[in-house]
Amino acid sequence: MTESKFTENFIQIQGLRKAYPKANGTDELIVFNNVNFEISRGDFVCIIGHSGCGKTTILNVLAGLEEPTDGHAFIDGREIKGPSLDRGVVFQSHALMPWMTVRGNIAFAVKSKWPDWTKKQIDQHVQQFIDMVHLQGSEDKKPSELSGGMKQRVGIARAFAIQPKMLLLDEPFGALDALTRGNIQDELVGIVRRTQQTVFMITHDVDEAILLSDKIFLMSNGPRAVLAEIVENPLSKDRTRTTMHHEPDFYKLRNHLIDFLVHRSKTYAAA
């Protein structure tokens, strides 16, 4: 396994490129090219861009679910090669096992991480994370008995329960109604602040990115997309959904992000 040349940052992406062969067999479709970034331990990063710019592919590379055509991805100084329990993933579709209960779905992941634990240890650990996402009383329900928001809570609890080095979120709230989405955003903010978890999240929601992230990565339009800008979030760390709109930098930041998505995302070309 390759060692990173640079270990001062927790995550390093170096010269990442993804391309697929075209039907004629001689050309290739370049999804994104020459993507470079670093993420410090404990950072919450949101990546925004239009469909087709390769956001999910970059997340899948970080998850070890997909290999880049060129370039390297490192976590904690080691190159990412394949999936690992070092990285927890939550998708828009909850991906719960329908025949298992809430407790069973989370316990399955915990057993994979700590196969030598006793049933009592597993049950105690699982209950902590059920409590964390406020699903007390639903431990023995199966996914078919849960609302969409509750299913996503189980997915979040399962991802946190294995105590990963990094959490990867692929539009986890995209299919939820506005009220449920807002409630789970608030819970995620609280959990991440308590755990100091490193998070990489895909979102199409500008306000969601402003609420959650320390940094916002802006991808240009695909194909041949590039990481066009990295925007530092200047808002206070203790911001909430109800208070962030009153902060002096909120509208300046929001307008910058929207202007990029509407106008400037089309003007970048890959190097």
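Let me start with helix α1, residues 55–63, where eight of the nine residues are buried, so that this helix is largely enclosed by the rest of the structure. The buried residues of α1 are Lys55, Thr57, Ile58, Leu59, Asn60, Val61, Leu62 and Ala63, and just after the helix comes Gly64, which takes a positive phi of about 80 degrees. I should say at once that what we are looking at is a predicted model, and I will come back to its confidence towards the end.

From α1 we can step across to strand β6, where Arg87 is found. Is Arg87 buried or exposed? At 8% relative accessibility Arg87 counts as buried, because the cut-off for that word is a relative accessible area under 20%. Setting aside residues up to four places away in sequence, Arg87 touches Leu62, Ala63 and Gly64, and its other partners include Ile75, Ile80, Gly82, Ile162, Pro164, Met166 and Leu168. Two of those names, Leu62 and Ala63, we have just met among the buried residues of α1. If you would like a distance to hold on to, the C-alpha atoms of Arg87 and Val133 are 19 Å apart in space, with their positions 46 residues apart in sequence.

Now let me step back to the chain as a whole. It has seven helices and ten strands, and its radius of gyration is 19 Å, close to the 18 Å that the globule rule gives for 271 residues, so the chain is as compact as a globular protein of that length. Its C-alpha atoms fill a box of roughly 55 × 50 × 40 Å along the principal axes, and buried residues make up 51% of the 271 residues. If we take the contacts between residues at least 6 apart in sequence, 70% of them join residues at least 24 apart. The accessible surface comes to about 12700 Å², and 51% of that belongs to carbon and sulfur atoms. As for charge, there are 32 positive and 33 negative side chains, and the centres of the two sets lie 3 Å apart.

With that frame in mind, let us visit some further residues, beginning with Lys215 in strand β9, which covers residues 215–219. Lys215 is buried, with a relative accessible area of 16%, and, leaving aside its neighbours within four places in sequence, it is in contact with Glu38, Asp43, Phe44, Val45, Cys46, Ile230, Val231 and Glu232.

In helix α7, residues 250–262, we find Leu261, which is likewise buried, at a relative accessible area of 13%. Beyond its neighbours within four places in sequence, Leu261 is in contact with Ile48, Gly49, His50 and Val206. Its C-alpha atom is separated by 26 Å from that of Glu66, which is 195 residues away along the chain.

Trp99 gives us the contrasting case: it is found in the loop between β6 and α2, and it is exposed, with a relative accessible area of 57%.

Next, a few places where the backbone deserves a careful look. Most residues other than glycine have a negative phi, and most peptide bonds are trans. Asn34, in strand β2, has a positive phi of about 55 degrees although it is not a glycine, and at 41% relative accessibility it counts as partly exposed. Asp76, in the loop between β4 and β5, also has a positive phi, near 55 degrees, and is partly exposed at 34%. Where, then, is the peptide bond that is cis? It runs from Gly222 to Pro223, with omega near -5 degrees, and Pro223 lies in the loop between β9 and β10.

Finally, how far should we lean on the coordinates? The chain averages a pLDDT of 89, and 95% of the residues score at least 70. In the chain, confidence is highest in β9, at 97, and lowest in helix α5, residues 178–195, at a mean of 83. Over residues 1–7 the pLDDT stays under 50, and for these residues the model has 18 contacts beyond four places in sequence. Where pLDDT is low, the predicted coordinates should not be read in detail.

Note on methods:
Residues numbered from 1 in each chain as written. Heavy atoms only, no water. Helix = DSSP H or I, 4+ residues; strand = E, 2+ residues; numbered from the N terminus. Rg over C-alpha atoms; globule rule 2.2 N^0.38 Å. Buried < 20%, exposed > 50% of the residue type's maximum accessible area, 1.4 Å probe, protein only. Contact = heavy atoms within 4.5 Å. Areas by Shrake-Rupley, 256 points an atom, 1.4 Å probe, with all protein chains shown as cover. Lys, Arg positive; Asp, Glu negative; His and termini not counted. Charge placed at Lys NZ, Arg CZ, Asp CG, Glu CD. pLDDT = per-residue confidence, 0-100.
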